Structure formats: structure tokens, C-alpha cells
Amino acid sequence: METAAFAKQPRTWWKESSVYQIYPASFQDSTGSGVGDLQGIVSRVDYLKDLGVDIVWLSPIFESPQIDMGYDISDYKTIDPRYGDLADVDRLRDELHRRGMKLVLDLVMNHTSDQHQWFRESRKSKHDNPFRDWYIWRPPRFDAAGNRQPPNNWESHFQGSAWEWDETTGEYYLHLFCKEQPDLNWENAAVRAAAHDVMRFWLDRGADGFRIDVINFISKDQRFPDSNQPVLAGHEFYASGPRLHEYLAELGAILREYDAFSVGEMPCVHDEAELIKAVGADRGELSMIFHFELMDIDHGPKGKFSPQAWPLSKLKTTVNKWQRLMLDRNGWNALYLENHDQPRSVSRFVHDDAAHRAASAKLIALFLGFQAGTPFVYQGQELGMTNVPKDWPFEEYKDVDCLNHWSLHKDSADSATRAALKAQYQKKSRDNARTPMQWDAGPQAGFTTGRDPWMRVNDNYVDINAATQTSDQDSVYHTWRRVLEQRKALKDVFVYGDFALVDEPNERVFAYRRQAADGQAALIVANFSAESLSWPWQGKARRVLVSPAGKTVEDVNGGEIRLGACEAIALLL
């Protein structure tokens with residue numbers, strides 16, 4: 001294994017950390033309202049500390065009409081009353097800091113709510129309006145028959161045109177997401193100054209950094225040309241726009257001033273050179289990014305809600321690409337398989353049937369947690385929470401992306417197509433990640449004392465919950481705890497070491513090796529299939545680091561490693 005390139009990796013606190021993402025509405029309700037809140041999070045801080053995570057990231061908690069669950073912010077410096085107030089944020093910050101943990105907030109800076117005062121002012125008039133240029137307004141086009149048309153053919157990520165007509169001023173405004181989420185115009189220096197002011201406000205208040213929503217969308221091609229892309233028309237003109245790195249450098253300067261953490265969400269970018277610019281250690285932009293190549297692995301030719309089968313070799317190729325890119329070019333990976341926008345990893349990447357779910361969830365802990373990068377654990381992932389049941393009626397779904405897609409297709413599709421779409425929603429809807437946290441086997445899974453949680457609790461909470469798993473040393477929870485513990489104990493190997501695939505052609509086993517600059521090495525072997533198998537291996541293990549099946553050194557040093565269905569193991573060589 002090559003060691004020279006990565007041996008000079010700069011060492012930082014956030015590389016050696018792990019992150020736990022909380023979706024506040026679904027984590028813990030302390031009032032009986034049916035919606036999670038900040039006091040509920042405070043009550044669970046010791047649970048997070050015991051798991052072994054270092055950073056707690058909250059999805060947006062700011063004032064919002066909640067059209068897109070808080071990703072439509074109407075005031076960046078006020079907490080949404082459903083979650084609490086500024087004093088609650090201060091208390092959570094203090095409780096985390098007291099335990100040596102850090103608080104990361106979710107900033108949505110590409111767009112605001114249409115209820116934000118900036119946009120209210122912007123839409124009042126076209127002329128002599130200091131806020132008009134804070135958003136992206138364009139006059140209509142007209143077809144040959146004189147019919148009004150949007151300025152271009154760009155599509156919203158939530159279905160339909162990315163432009164909304166405003167009758168008051170006779171122009172369209174751009175919204176890459178819901179029509180209630182108008183895009184800010186980052187070409188305007190006043191907008192950038194306002195964004196910087198928001199960052200400083202929270203950093204001065206003791207936040208330790210930010211996850212920044214679709215940050216790569218902030219620079220648009222100012223020609224706003226038509227697109228010829230068959231899916232998400234227009235993304236090629238804003239996913240990595242002409243001034244993106246200029247803007248990221250401005251954000252990075254502020255973050256460095258506070259030694260703050262940053263992770264930028266960067267969908268729709270496939271150019272490695274552009275991505276490495278955002279996270280290169282010598283660039284001063286972002287700490288790390290969320291790329292989407294793994295998240296798109298099951299997206300078909302018609303986009304997210306069309307099916308696509310994938311072999312294990314595709315997963316290997318993708319993981320190896322990103323491991324090597326960051327190691328060889330001095331960047332850094334954000335390791336994730338779940339978040340608030342993605343289905344549950346145990347249902348998506350392995351097997352979530354009753355016989356294999358627990359083993360599959362443990363496999364994910366080893367497979368993900370020992371790679372090079374900062375691991376992100378999404379709430380409930382440490383328990384092996386699953387997608388919503390297949391028999392849930394469509395009326396239970398709340399995801400605006402899913403609902404909009406259904407509205408576009410339900411009347412024109414035949415019954416077979418409608419059934420196929422609903423099957424895809426069950427596999428890929430964002431609702432899969434948003435069901436309430438499963439704390440115990442009591443009413444509403446211990447999430448709320450109220451009778452009506454904002455979203456239905458997954459039916460399997462009696463079998464999958466934190467109370468059962470924290471008291472069971474063989475549980476998914478304790479597997480995650482051990483992985484995070486070993487990652488810290490052997491940071492020269494698992495944080496700063498090299499990465500290499502092993503037995504790459506194998507379509508059932510994903511195996512990889514990590515090696516420190518001093519030669520110390522580890523091997524992770526994961527059987528993604530639902531059958532037992534024997535994996536030939538002539539190496540020698542010095543110690544078993546993590547084995548959910550309880551294997552010993554003697555079990556693996558006999559020329560083969562026998563693995564049960566969905567079994568994984570980590571060895572120190």
C-alpha cells in the first residue's frame with residue numbers, strides 16, 4: 001500500500017470525531033405536543049455520550065413555516081417555537097460542551113422561506129427596492145402564440161418548473177426546491193454579507209460549526225440558459241457555478257477564524273476536480289462534503305423514483321473512488337449512508353427482513369465506520385431502524401418531494417405504474433428517515449406522551465428500540481459503540497491510515513484493508529449476502545477488534561474466514 005501521500009495529512013479535531021445527526025421533530029418530545037423539541041434532545045445527551053459520538057448536528061431549528069420541515073427558514077436568528085427558544089439552544093450547547101461534545105447547526109443559505117422578511121420586501125416592487133436583487137427575478141418569455149413562459153426550462157428538485165410567476169411585479173422568481181423556497185442571489189454582495197453575519201451570530205454564541213445545505217447551488221450561470229438534461233434540467237448550470245469557490249473561500253475564512261467544523265451538501269456534482277477544490281486541505285473552503293454518488297446508486301433513468309438494480313461491485317467501485325480521491329489529493333470524506341433525506345441503510349443496502357435485519361445493521365457499522373473519513377450516524381441508525389412498512393397506506397406519507405411526484409403522475413399512470421411508483425416511494429421516500437425515534441416498547445415508542453405524534457411511529461418499535469439495545473451487549477447499538485471506540489483507539493490506522501480494497505471481484509464480500517504509515521494494519525470483511533460463506537484468507541490476525549458474531553483469532557487464522565449471512569468482522573493484523 002502507498003503511504004507517502006496520506007502520511008502528511010494534517011491532523012485536526014474534526015477528522016478524529018464522529019457525528020450524530022438529529023432530526024429535531026422526530027427525536028424526543030418533552031411536552032406531549034407530538035413534535036420533538038430541544039428540551040427533549042437535552043434529556044438524551046447522556047445516551048449520545050455513551051454511544052461515543054463527538055459532534056451532534058441538528059437539522060434546522062430556526063423559525064419556519066415548515067413547508068419543507070424547516071429547510072425553509074423565515075428567520076435565521078430565531079428558534080421555531082415548536083422546538084423551543086434561544087435559551088434551550090444555550091442549554092443544549094452547555095450540556096454537550098460539559099461532556100466534551102460539540103454542537104453543529106444546519107444552515108440553509110441557498111434559499112429562504114417566502115415568508116422571510118427579505119423576500120417579503122423583495123417582491124413588493126421592481127424599482128427602487130433595495131431587496132429586489134436579493135433574490136433571482138427574471139421577466140417571462142413568450143411562445144409563438146403569445147403565451148407567457150418561464151425564463152428557461154430549469155426543473156425544481158421537488159418536481160415541475162423551477163420558476164414561479166409573481167403577479168404583483170410581473171416577473172418570475174427562481175426556486176430550485178418548493179415555490180415557497182425562493183433562491184437567494186449570491187451575486188449580490190449584501191446577500192453574502194448577511195450570510196456571513198448569520199454564521200458569526202451562531203459561532204459567537206458557541207456553535208462549533210455548520211452543515212450547509214446544497215451549498216454548491218449558490219453560484220448560478222448568469223446567462224440562465226435552457227438545459228438539455230433529461231433529469232433535473234438546469235443543474236449543469238448551477239451545481240458548480242462560476243463563482244462557487246470564491247464564495248466558499250469567503251465562508252472558509254470565517255470558519256478558520258473560529259476553528260469551526262463544516263460539511264457542505266453537494267448534490268449533482270460529478271467533476272472530481274471541482275469537488276476536491278471544495279475540501280482540499282490547502283484550499284481553505286470546507287472541512288468535508290456530502291457527495292451523492294452512493295445515494296444515486298439505486299436511481300433509475302427517470303430519476304430518484306425509478307428503479308435501478310446495482311451489484312456489489314458498483315458499491316466497491318464508488319467507495320474506492322472516493323477513498324482514493326481524498327487520500328491521494330489531501331481532501332476529506334464525510335462517511336454516510338443515511339440522513340433526513342435518505343431511506344434507511346439497512347433497508348437500502350443490505351437486508352431488513354426479521355431474520356437478517358440486526359446482522360445487516362451491524363455490518364453497516366463496520367463497513368462504514370472503519371473507512372477513511374468522518375463517520376456520520378443518523379438518529380436510529382445505531383439501532384438498525386428500517387424503512388416504513390410496505391403495507392402503510394399512502395396517506396401516511398408527508399414528504400413534499402414524494403407527494404409532488406405522486407400528484408404529477410397519479411392521474412396519467414395506469415394501475416400497474418401507480419403500484420410501481422408506490423413501491424418506489426416505500427423504498428426511497430424521505431419519510432423513511434423521519435419516523436419518530438424508537439426509544440422503548442411503550443406507547444408511541446417513548447417518543448411522546450401525547451396521543452398523536454406528528455408522524456406515525458414505525459410499527460416495529462416493540463422489537464427495535466433503544467431501551468432493549470442499550471442493555472444488550474450484542475445489540476446493534478453496542479456494535480456501533482465498539483466501532484467508534486476502536487476508531488479512536490487506533491486513529492493512526494482508521495483515521496489517518498491508507499485504504500485498499502481486497503478481493504475486489506467478489507460479488508458477495510466487501511473487504512478492505514486500512515494501514516497506518518508505520519505499517520500497522522487492519523482488515524474489515526463484510527458478507528453482504530443473505531447466505532453463509534467461506535472466504536479464503538491466508539493472513540494472520542493479531543486481534544479481533546469487532547465481531548458481532550463473537551469470533552476469535554482462532555476462528556480466522558486457519559486459511560479461511562467463515563461468515564454467516566450479513567456478518568462482518570474487523571481484525572487487527
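These exercises work through the overall fold, one helix pair and two loop residues of a predicted model.

**Exercise 1. Overall build**

Task: Decide what the radius of gyration of the protein says about a compact globule.

Solution:
- Start with the chain length. The protein has 573 residues.
- Take the expected value. A compact globule with 573 residues would have a radius of gyration near 25 Å.
- Compare. The protein has 24 Å, which agrees.
- Add the box. Along the principal axes, the C-alpha atoms fill roughly 80 × 50 × 50 Å.
- Add burial. Of the 573 residues, 60% count as buried.
- Add contact range. Take the contacts with a separation of 6 or more; 70% of them join residues 24 or more positions apart.
- Finish with the secondary structure. The protein has 17 helices and 22 strands.

**Exercise 2. Helix 6 against helix 7**

Task: Classify the packing of helix 6 and helix 7, then describe their contact.

Solution:
- Recall the two descriptors. Packed helices are described by the angle between their axes and the distance between the axes.
- Locate the pair. Helix 6 covers residues 189–204, and helix 7 covers residues 244–257.
- Read the geometry. The angle is about 20°, and the axes are 11 Å apart.
- Apply the cut-off. Angles under 35 degrees count as roughly parallel. Helix 6 and helix 7 are therefore roughly parallel to each other.
- Assign the hand. The crossing of helix 6 and helix 7 is right-handed.
- List the contact. Helix 6 brings Arg-192, His-196, Met-199, Arg-200 and Leu-203. Helix 7 brings Tyr-247, Glu-250, Leu-251, Ile-254, Leu-255 and Glu-257.
- Sort the residues. The contact of helix 6 with helix 7 has six nonpolar, one polar and four charged residues.

**Exercise 3. Two positive phi angles**

Task: Place Asp-259 in its loop and decide whether the residue is buried, partly exposed or exposed.

Solution:
- Recall the background. Most residues other than glycine have a negative phi.
- Check the angle. Asp-259 is not a glycine, yet its phi is positive, at about 50°.
- Find the loop. Asp-259 sits between helix 7 and strand 12 (261–265).
- Apply the cut-offs. Buried means under 20% relative accessible area, and exposed means over 50%. Asp-259 has 47%, so this residue is partly exposed.

Task: Do the same for Cys-566, starting from its loop and its accessibility.

Solution:
- Check the angle. Cys-566 is not a glycine either, and its phi is positive, at about 60°.
- Find the loop. Cys-566 lies between strand 21 (560–563) and strand 22 (568–572).
- Read the accessibility. Cys-566 has 1% relative accessibility, so this residue counts as buried.

Note on methods: Residues numbered from 1 in each chain as written. Predicted model: local features only at pLDDT ≥ 70, side-chain atom pairs only at ≥ 80, totals over all residues. Heavy atoms only, no water. Axes fitted to C-alpha atoms, helices over the stretch in contact; angles between N-to-C directions. Helix = DSSP H or I, 4+ residues; strand = E, 2+ residues; numbered from the N terminus. Parallel < 35°, antiparallel > 145°, perpendicular 65-115°, else oblique. Left-handed = near helix turned anticlockwise from the far one by under 90°. Contact = heavy atoms within 4.5 Å. Nonpolar A, V, L, I, M, F, W, Y, C, P; charged D, E, K, R; others polar. Rg over C-alpha atoms; globule rule 2.2 N^0.38 Å. Buried < 20%, exposed > 50% of the residue type's maximum accessible area, 1.4 Å probe, protein only.
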